[in-house]
Amino acid sequence: MYGMLLESVQHFVQLEYGEFVWRQALLTTGCKNTVFNTHQLYPDSLIPDLAAALSSITGKPCDEFMIFFGRCFVRFFSNFGYDELIKATGRYFCDFLHSVDNIHLQMRFTYRKMKSPSMQLTEVDENGAVLVYRSTRSGFSKYLRGQLLEIAKQLYGMDVSIKVLESQNDSAVGTAGQVAGQVAGQGGLKTVIVKYRLDFDNRDYMQRRVHIKAHPSQLQLAPVNSMILLNLFPFALILNDEMKITAVGEKLIESWMLNNGNRSPTELIGAKVTDHFKLRRPSGITFTWENIKRLQTVLFEIQLLKGSSAKGTKAISEAAPSESTQAHEQTPAEDAAKLMTTIPRRGSQGIRSILLKGEMRYIKDINSLVFLCSPLIQNLEELREMGLYLNDLNPHGLSREMVFSGFSHYSRLDLMCEREEQRAEELETSLALADSWKRQGDELLYSMIPRSIAERLREGQNPHDTCQSFEEVTVLFAEIQETITGDDSIKYAMTTVNTLNAAFTAFDELIQSPMAYKVETVGKVYMAVSGAPDINPFHVQHMADLALEMLASIRELKLPGVGVKIGFHSGSIVAGIVGLKVPRYCLFGDTVNTASRMESSSETDRIQVSGYAAQKLKKLGYVLSYRGKVAVKGKGDMETFWLVGKPQKII
């Protein structure tokens with residue numbers, strides 16, 4: 001499918017459900033696209049997968065989202081002017097339903113790889129119509145329902161109720177990736193066929209379109225020879241009620257000969273139309289008299305078979321039934337016989353099979369169907385591949401002009417598509433770069449502010465409201481000690497910076513949230529806390545483990561003349577964000593001061609612990625040794641302990 005369908009889904013899901021829900025849906029489906037290109041092709045399963053993902057996120061039914069997606073597309077394509085195209089099909093909603101297949105055919109000039117469904121009206125009455133939908137995509141019948149409901153409401157100002165009369169191979173949207181493209185048992189794709197009953201006020205259409213009577217002037221027209229039709233439409237076919245070919249236009253006979261170089265052109269007359277032609281559109285219907293006669297307002301697309309077989313065909317003298325009519329001087333078969341005698345033969349190697357597009361019109365006077373058509377040619381290259389020339393095309397209408405405009409249109413369209421794809425790639429690269437910058441910014445922010453508090457600030461919470469009190473945490477200070485000095489102050493300063501960088505980097509690698517949080521570094525001092533901002537009931541033992549690992553990491557670095565003094569204490573604190581330009585997460589309280597004194601009064605390569613923290617560690621089995629009383633500013637003498645090692649056994 002083309003990206004325009006997904007653009008419409010993205011726009012309205014973001015509008016009605018929010019950016020967060022849309023990103024969750026993309027994540028659930030595994031879709032890595034954040035931007036969809038209008039003319040780029042995407043997997044058919046993506047829209048049903050998104051419906052299933054949104055259903056699981058919101059709890060609404062999948063079918064409801066498929067209908068919503070259909071409505072979204074109708075609202076969205078007005079930006080491209082396609083609403084004007086629909087309005088131009090006719091005055092009534094029923095006119096649009098008759099023409100929807102023709103619209104898809106015309107859209108193929110813009111969207112060349114479009115796999116459009118086929119839709120035909122089989123019944124029309126004053127209370128609505130019966131529509132038959134055929135498609136190779138499963139799960140999109142609800143999407144069509146949403147489109148029809150929105151078109152009727154927005155463009156024709158009427159309410160329509162839709163119900164399913166019959167359904168075949170139409171799976172419900174459920175599991176992602178299992179609805180778009182069911183494989184038939186004998187190979188290929190299953191055709192989804194759904195028959196809808198559309199109930200709406202159709203009285204005006206029936207009165208002015210269906211029950212209209214012929215004008216008296218049309219009843220007084222003189223008989224016209226069928227050769228006039230064949231001259232005006234040199235690719236035309238005339239079929240009788242047995243679907244046999246009774247007359248063929250001159251250029252179509254020549255094209256048949258190009259594709260069947262070793263065959264006599266007389267085999268064409270009297271043969272079944274299905275022996276030499278394949279019905280390409282409308283898809284899903286059989287090539288029968290009743291079906292074709294009922295669909296006179298639909299554009300047909302028929303392919304001339306290359307090297308086709310003509311089972312049961314007869315020679316021209318046997319194939320032309322002598323059907324006498326009051327409106328013609330000669331039968332169509334006799335007219336065609338005269339044409340064949342004047343057509344030159346050409347080789348058939350390398351000739352591309354021709355496609356014919358037009359309407360099937362019923363001629364009551366001779367009880368026949370005439371296929372008024374022209375070749376479906378998009379540019380000069382296809383014209384050459386079919387072995388045709390501009391002079392071969394219909395002398396009336398815009399066939400020749402369309403070939404020229406198609407050539408120039410495709411050149412411009414290809415250039416526009418290339419530029420758009422290039423812009424889309426550049427945009428995706430920019431978005432990926434922006435995501436990378438965002439991740440780096442987040443990492444920098446989380447190094448300054450705890451993640452939980454940063455997310456609260458992003459949601460608009462006042463920084464003053466982030467202040468919290470914690471009943472008990474453990475605060476640690478570690479100071480790098482250097483015994484080597486030098487006369488060169490610059491060299492000494494550079495050595496100090498390198499030493500601190502190596503030591504603090506090793507400490508950073510030991511910090512594991514939520515067991516511990518790095519608060520800050522000031523000069524040669526490293527500060528950490530356990531129990532804040534994430535509450536941690538095991539804060540004492542986690543901080544003890546961190547202190548022992550920090551001491552071990554300094555020893556492993558084997559930096560000459562470098563050691564570390566460590567101290568920690570447990571107690572209550574208050575924490576919050578301080579500053580606006582460079583906000584920091586700071587700790588306040590007597591516990592912070594005491595922990596700082598534990599570090600400053602410690603010794604190199606030793607860990608000093610307050611008596612309160614030591615009592616807790618003893619219960620956990622940690623190895624400690626009594627140091628004695630240490631004078632602490634503002635506290636007096638305090639009993640302290642050396643932390644020696646981890647528990648030998650858990651008590």
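The exercises below, each with a worked solution, concern a predicted model of one protein chain.

**Exercise 1. Overall composition**

Task: State how many helices and strands the protein chain has, and what share of its residues is buried.

Solution: Begin with the secondary structure: the protein chain has 22 helices and 18 strands. Next take accessibility: of the 651 residues in the protein chain, 48% are buried. Then look at contact order. Among contacts between residues at least 6 apart in sequence, 69% join residues at least 24 apart.

**Exercise 2. The four-stranded sheet**

Task: Determine the strand order of the open sheet of four strands, and find which helix packs on this sheet.

Solution: Step one is the order, which is E1-E2-E4-E3 with antiparallel pairing. Step two is the edges: E1 (118–125) and E3 (161–168) each pair on one side only. Step three is the twist. Neighbouring strands of this sheet are turned by 20 degrees against each other on average, direction ignored. Step four is the helix: H7 (residues 141–156) packs on the sheet and touches E1, E2, E3 and E4 (192–199). The direction of H7 makes about 30 degrees with that of E4.

For the register of one pair, take E1 and E2 (residues 128–135), which are joined in the antiparallel sense over seven bridges. Val-124 has Ala-129 in E2 as its bridge partner.

**Exercise 3. The loop after E4**

Task: Is Asn-202 buried or exposed, and which residues does Asn-202 touch?

Solution: Locate the residue: Asn-202 sits in the loop between E4 and helix H8 (203–210). Its relative accessible area is 3%. The cut-off for buried is under 20%, so Asn-202 is buried. Leaving out residues up to four places away in sequence, Asn-202 touches Cys-94, Val-124, Asp-125, Glu-126, Asn-127 and Gly-128.

**Exercise 4. The largest nonpolar core**

Task: Find which members of the largest nonpolar core touch the most other members, and which helix gives the most to this core.

Solution: The largest nonpolar core holds 66 residues. Those touching the most other members are Ile-47, Leu-50, Phe-69, Phe-93, Phe-96, Val-160 and Leu-198. Helix H4 (residues 62–76) gives the most to this core, with nine residues. As background, nonpolar side chains tend to be buried together in soluble globular proteins.

Now expand one member. Not counting residues up to four places away in sequence, the contacts of Leu-198 include Phe-93, Leu-97, Leu-131, Leu-148, Val-160 and Ile-162. Asn-127, Gly-128, Ala-129 and Ser-161 are also among the residues touched by Leu-198.

**Exercise 5. The two faces of H19**

Task: Why do the buried residues of H19 lie on the same side, and what covers them?

Solution: First check the geometry. H19 (residues 489–510) has 22 residues and reaches 32 Å from its first C-alpha to its last, close to the 32 Å expected at 1.5 Å a residue. The buried residues of H19 are Thr-496, Thr-499, Leu-500, Ala-503, Phe-504, Ala-506 and Phe-507. They lie on the same side of H19 because they cover an arc of only 150 degrees around the axis.

The face turned away from the buried side carries the exposed residues Ile-490, Lys-491, Met-494, Val-497, Asn-498, Asn-501 and Glu-509. The cover over the buried residues includes strands E11 (468–482), E12 (517–522), E13 (525–530) and E14 (562–578), together with helix H20 (539–557).

**Exercise 6. Backbone exceptions**

Task: Which peptide bond is cis, and where do Asn-367 and Lys-558 lie?

Solution: Start from the background that most residues other than glycine have a negative phi, and most peptide bonds are trans. The cis bond joins Ala-532 and Pro-533, with omega about 0 degrees. Pro-533 is in the loop between E13 and H20.

Asn-367 has a positive phi of about 50 degrees although it is not a glycine. Its place is the loop between E9 and E10 (368–375), and at 31% relative accessibility Asn-367 counts as partly exposed.

Lys-558 also has a positive phi, near 55 degrees. Lys-558 lies in the loop between H20 and E14 and, at 70% relative accessibility, counts as exposed.

Methods: Residues numbered from 1 in each chain as written. Predicted model: local features only at pLDDT ≥ 70, side-chain atom pairs only at ≥ 80, totals over all residues. Heavy atoms only, no water. Pairing = 2+ DSSP bridges. Helix = DSSP H or I, 4+ residues; strand = E, 2+ residues; numbered from the N terminus. Axes fitted to C-alpha atoms, helices over the stretch in contact; angles between N-to-C directions. Contact = heavy atoms within 4.5 Å. Core = buried A, V, L, I, M, F, W, Y, C linked by side-chain atoms within 4.5 Å. Buried < 20%, exposed > 50% of the residue type's maximum accessible area, 1.4 Å probe, protein only. Expected span 1.5 Å × (residues − 1). Arc of directions from axis to C-beta.
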